[in-house]
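Subject: Structure for you to look at

Hello,

Here is the structure I promised to pass on. Please open it beside this email and follow along.

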Amino acid sequence: MDAIEIEGGLPLSGEVSVSGSKNAALPMIAASLLAPGRSVFQEVPDLADIRTLGRLLGHMGAKVGRGDGSEPISPSLPPPPRGEPIPVGQPASRTFHVDASNLEKAEAPYELVKTMRASVLVLGPLVARFGRARVSLPGGCAIGARPIDQHLKGLEALGAQITLEGGYVIATAKRLKGATILFDLPTVTGTENLMMAAALADGKTVLENCAREPEIIALGEQLRAMGANITGEGTPLITIEGVDELKPANATVIPDRIEAGTLLCAVAIAGGDVLVKRAPVQHLEAALAKLREAGTSFTSESGGLRVRAPARPDAVDVITAPYPGYPTDLQAQLMALLSVAKGASRVVETVFENRFMHVNELQRLGADISVDGHTAVVKGVPRLSGAQVMATDLRASASLVLAGLRAEGKTTVSRVYHLDRGYEGLEKKLTSLGARVRRVPGN
Ligand code: EPU
């Protein structure tokens with residue numbers, strides 16, 4: 001397993017560009033299952049999670065590839081148990097294509113779902129277009145139990161018969177029928193699954209208490225380009241008039257607000273002056289507000305957002321919340337920053353029940369953090385010192401890399417396959433900004 005080694009203490013400078021959004025690309029690619037024919041996507045980041053989805057669609061019989069088709073994504077099973085290191089060398093093309101004209105099986109096997117929960121995004125499209133889906137239950141994951149009851153409740157309301165058998169959800173329906181569905185809580189992939197399912201249902205569906213993330217708006221635009229009749233995405237109320245069929249559509253993936261926020265936190269913690277190109281400022285309001293409170297300054301320039309960091313950040317309190325609140329996916333990175341702040345900060349995690357696994361690892365670097373339930377109190381220390389630490393999930397990994405940029409001496413982050421799920425060459429981007437970060441290949 002690869003590790004990342006960081007020699008801390010260097011400020012960052014220069015320019016860096018934000019890749020396409022993982023969490024926007026995943027549902028858009030899943031939506032290609034709704035129509036026969038070839039969909040082509042631009043700005044699709046080369047990430048382990050995108051490969052997993054590609055493999056999943058390939059397993060079902062879709063034709064999936066990158067670039068001009070000469071870079072096929074292997075449909076073979078099972079995938080590598082620990083994700084897949086991104087090969088060094090030529091970067092993969094950002095063009096990704098799927099042709100779901102013919103599917104042999106409407107099935108998402110355990111081997112793939114267990115490596116990526118977002119595989120559940122195929123459930124809605126499969127049952128809507130093929131009348132049947134067999135998708136492994138995702139089970140718990142590092143950041144919490146993460147049930148899919150809202151996805152299933154919604155599909156049932158649309159008339160699907162749902163049974164659970166041998167760890168699999170089996171959903172069947174002759175044709176889904178529009179209905180009004182009130183989500184108990186705003187769920188991102190739940191909203192996306194139901195938008196896709198309802199697009200091909202008979203009649204009108206009203207989704208209430210929807211998640212409002214920018215990735216949902218991106219999916220709505222994709223579905224409309226495919227011929228869906230959908231309004232309200234980005235608000236709590238989404239209305240969909242089902243149509244009889246959809247056609248494939250080409251789309252460009254929006255920049256990744258979480259990667260952008262991670263890069264901003266990297267500059268804030270390491271110090272320096274960096275132009276973050278393609279930063280989706282309009283999707284980063286809550287993150288920018290907190291970083292500003294911590295003393296970081298931003299100026300919009302043509303082509304990007306310039307970020308300048310103070311020598312030491314100020315303490316800030318933060319509560320994670322569904323969009324437009326402060327994103328849970330940037331909580332660990334902000335905590336790394338606050339660990340060296342002047343004063344004490346309170347970090348409250350309200351979205352997931354167990355998203356503080358980075359705390360123990362940050363403590364190994366010298367951070368002073370105590371956790372009580374959903375609240376962490378971070379008492380800023382003047383310095384961190386390098387140590388060996390272990391990544392536990394995607395965003396926790398990023399926070400450890402960021403802390404390593406600030407820590408004196410060498411920090412080694414192991415289990416970086418987590419990082420490869422969601423960051424496209426983070427170590428290369430940081431190196432290009434002057435950080436000393438390198439990947440150490442595992443055995
Ligand atoms: N929940 C339920 N029942 C459901 C669905 C969700 O109780 O049926 C709960 C979850 O357990 C959680 C809360 O609702 O406590 C919100 O979860 P949500 O469903 O919104 O999360 P998700 O759709 O599984 C997406 C992102 C996550 C991100 C969350 C929250 C994708 C592919 N994943 O997950 O991204 O943290 O929304 O914003 O879009 C990441 O990229 O690192 C990541 C984990």
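Helix H5 gives the most to the shell around the ligand, with 3 residues. Keep in mind that this is a predicted model. H5 covers residues 149-157. Three other helices each supply at least two residues of the shell: H1 (22-31), H6 (188-199) and H12 (394-406).

Now look at the shell itself. There are 21 residues around the ligand. Gln150, Thr187, Thr189, Asp329 and Val351 come nearest. By type, the shell holds 9 nonpolar, 6 polar and 6 charged residues.

Next, the polar contacts. Each one below involves an oxygen atom of the ligand.

- Thr189: a polar side-chain atom lies 2.6 Å away from a ligand oxygen.
- Arg146: an N or O atom of the side chain is 2.9 Å from a ligand oxygen.
- Pro147: here a backbone N or O atom is the partner, at 3.2 Å.

How much of the ligand does the protein bury? Taken alone, the ligand exposes 840 Å², and the protein buries 88% of that.

Then step back to the whole chain. The chain is divided into domain 1 (3-19 + 255-440) and domain 2 (22-252). Both domains serve the ligand: the shell draws at least three residues from each. Their centres, taken over C-alpha atoms, are 29 Å apart. Where the domains meet, 24 residues of domain 1 are in contact with 24 residues of domain 2. Together they bury about 2100 Å² between them. Carbon and sulfur atoms carry 52% of that area.

Best wishes

Notes. Residues are numbered from 1 along each chain as its sequence is written. This is a predicted model: local features need pLDDT of at least 70, side-chain atom pairs count only at pLDDT 80 or more; totals for chains, interfaces and linings use all residues. Side-chain values use heavy atoms; hydrogens and water are left out. A residue is near a molecule or strand if one of its heavy atoms lies within 4 Å of it. A polar contact is a pair of N or O atoms within 3.5 Å; within protein, one must be able to donate a hydrogen and the other to accept it, and residues adjacent in sequence count only if both atoms are side-chain atoms. Accessible areas come from the Shrake-Rupley method with a 1.4 Å probe; for residues, only the protein chains shown count as cover. Helices (H or I, at least four residues) and strands (E, at least two) are DSSP runs, numbered from the N terminus. Ala, Val, Leu, Ile, Met, Phe, Trp, Tyr, Cys and Pro count as nonpolar, Asp, Glu, Lys and Arg as charged, and the others, Gly among them, as polar. Domain bounds come from an automatic or database domain assignment. Contact means heavy atoms within 4.5 Å. Buried area is the accessible area (1.4 Å probe) that two parts lose on being put together, summed over both.
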